[in-house]
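Me: I would like to learn how to read the features of a structural model, one at a time. Can we go through an example together?

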Amino acid sequence: LYSPELRSRNPLHPSVLDACVIGNLLNFPKHVLGLPFAAYATDGNEALSLVLYSYRQRAEAAGAPPPHRLLYLVDGPDSAPPPPDAARCAQRLGMQMEVAAGLEALGAALRGGAPPCAVVAPFGCEPLDAASALCSDRGVGLHLLVSDSEWRGIFAAHAEPVHYALPAGVTSVSIQEGMMRCGYSLYRDAE
């Protein structure tokens with residue numbers, strides 16, 4: 001339903017020009033981070049919430065009973081805790097967020113009891129390669145949470161185009177709003 005006054009800004013029924021703009025906006029983070037599927041949301045919390053919801057749905061489809069666990073990986077015991085918005089997103093979805101301080105804690109949490117729905121890690125997490133291998137071995141998705149300052153830092157630190165090769169165990173990424181004006185989520189597979 002095109003309206004010249006409103007310029008048809010309904011994302012459910014975009015005009016041809018709007019569809020091209022949206023497609024290019026989605027392609028940008030896909031190419032930088034190397035994941036094939038992308039979506040956008042009104043803000044980063046909505047993008048994160050949609051990703052966490054999909055992890056919870058996958059766990060329920062596999063027969064995992066509630067409460068659904070979510071692990072937040074930090075570098076070590078002295079690292080910053082999960083962002084409050086991430087913890088609130090998990091709580092709103094009925095998921096319990098637990099902190100895993102370092103690789104040893106992550107390995108113990110993945111080996112002990114029912115596996116978590118997913119592991120969430122900040123973009124700058126030091127043990128990312130090893131965490132990716134642990135999650136892959138256990139069949140648990142690894143989600144990267146990219147803050148706006150981390151996203152801006154990528155471009156501030158490089159004069160040339162940047163392409164990251166994320167470890168194979170990283171199954172999704174969410175980017176907080178800021179420079180990109182809305183939130184983005186990226187996925188390795190469409191399931």
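What follows is a dialogue on a predicted model, taking helices, strands, single residues and a pocket in turn.

Me: Let me start with helix 3. Which of its residues are buried?

Reply: The general idea comes first. An α-helix has 3.6 residues a turn, so residues three or four places apart point the same way. In this model, helix 3 covers residues 84-92, and its buried residues are Ala86, Cys89 and Ala90. Viewed down the axis of helix 3, these buried residues fall within an arc of 95°, so they line one face of the helix.

Me: What does the face turned away from the buried side of helix 3 carry?

Reply: That face has the exposed residues Pro84, Gln91 and Arg92. 

Me: Against which elements do the buried residues of helix 3 pack?

Reply: Their partners are helix 2, strand 2, strand 3 (95-101) and strand 5 (141-146).

Me: How should I read backbone angles?

Reply: Most residues other than glycine have a negative phi, and most peptide bonds are trans. Here, Gly94 follows helix 3 and has a positive phi, near 75°. For the peptide bond, look at Pro66 and Pro67, which are joined by a cis bond with omega about 0°. Pro67 sits in the loop between helix 2 and strand 2.

Me: Now the strands. Which way do strand 2 and strand 4 run, parallel or antiparallel?

Reply: Strand 2 and strand 4 run parallel and are joined by 3 bridges. Leu71 is opposite Val119 of strand 4. Strand 4 also pairs with strand 5 in the parallel sense, over 5 bridges, and there Pro122 stands opposite Leu145 of strand 5. Strand 5 in turn pairs with strand 6, again in the parallel sense over 5 bridges, with Leu144 opposite Val173 of strand 6.

Me: How many residues of strand 4 and of strand 6 are buried?

Reply: In strand 4 (residues 118-122), 4 of the 5 residues are buried, and the strand is mostly covered. In strand 6 (residues 170-175), 5 of the 6 residues are buried, so this strand is largely enclosed by the rest of the structure.

Me: Take Leu71 as a single residue. Is Leu71 buried or exposed?

Reply: The test for buried is a relative accessible area under 20%. Leu71, found in strand 2, has 1% and is therefore buried. Leaving out residues up to four places away in sequence, Leu71 touches Glu98, Leu106, Ala109, Leu110, Pro116, Ala118, Val119 and Val120.

Me: And Asp137, buried or exposed?

Reply: Exposed requires over 50%. Asp137 lies in helix 5; its relative accessible area is 71%, so it counts as exposed. Sequence and space can also be set side by side here: Asp137 and Gly169 are 32 residues apart along the chain, and their C-alpha atoms are separated by 8.9 Å.

Me: Last, the pocket. How is empty space found?

Reply: Rolling a probe the size of a water molecule over the atoms shows where empty space is left. In this model, the largest pocket holds about 470 Å³ of space. It is lined by 22 residues, and those closest to its centre are Ala59, Pro116, Cys117, Gly139 and Val140.

Me: Which helices and strands each supply at least two residues of that lining?

Reply: They are helix 2 (44-61), strand 2 (68-74) and helix 5 (128-138). By class, the lining has 12 nonpolar, 6 polar and 4 charged residues.

Methods
Residues are numbered from 1 along each chain as its sequence is written. This is a predicted model: local features need pLDDT of at least 70, side-chain atom pairs count only at pLDDT 80 or more; totals for chains, interfaces and linings use all residues. Side-chain values use heavy atoms; hydrogens and water are left out. On a 1 Å grid over the protein atoms alone, a cavity is a set of points where a 1.4 Å probe fits but cannot get out, and a pocket is an open set with protein on both sides within 12 Å along at least five of seven lines; lining residues have an atom within 4 Å of a point. Grid points are joined across faces, edges and corners, and a volume is the space filled by probe spheres set on the points. Ala, Val, Leu, Ile, Met, Phe, Trp, Tyr, Cys and Pro count as nonpolar, Asp, Glu, Lys and Arg as charged, and the others, Gly among them, as polar. Buried means under 20% relative accessible area, exposed over 50%, partly exposed in between (1.4 Å probe, protein chains only). The arc is that of the directions from the helix axis to the C-beta atoms. Contact means heavy atoms within 4.5 Å. Two strands pair if DSSP finds at least two bridges between them.
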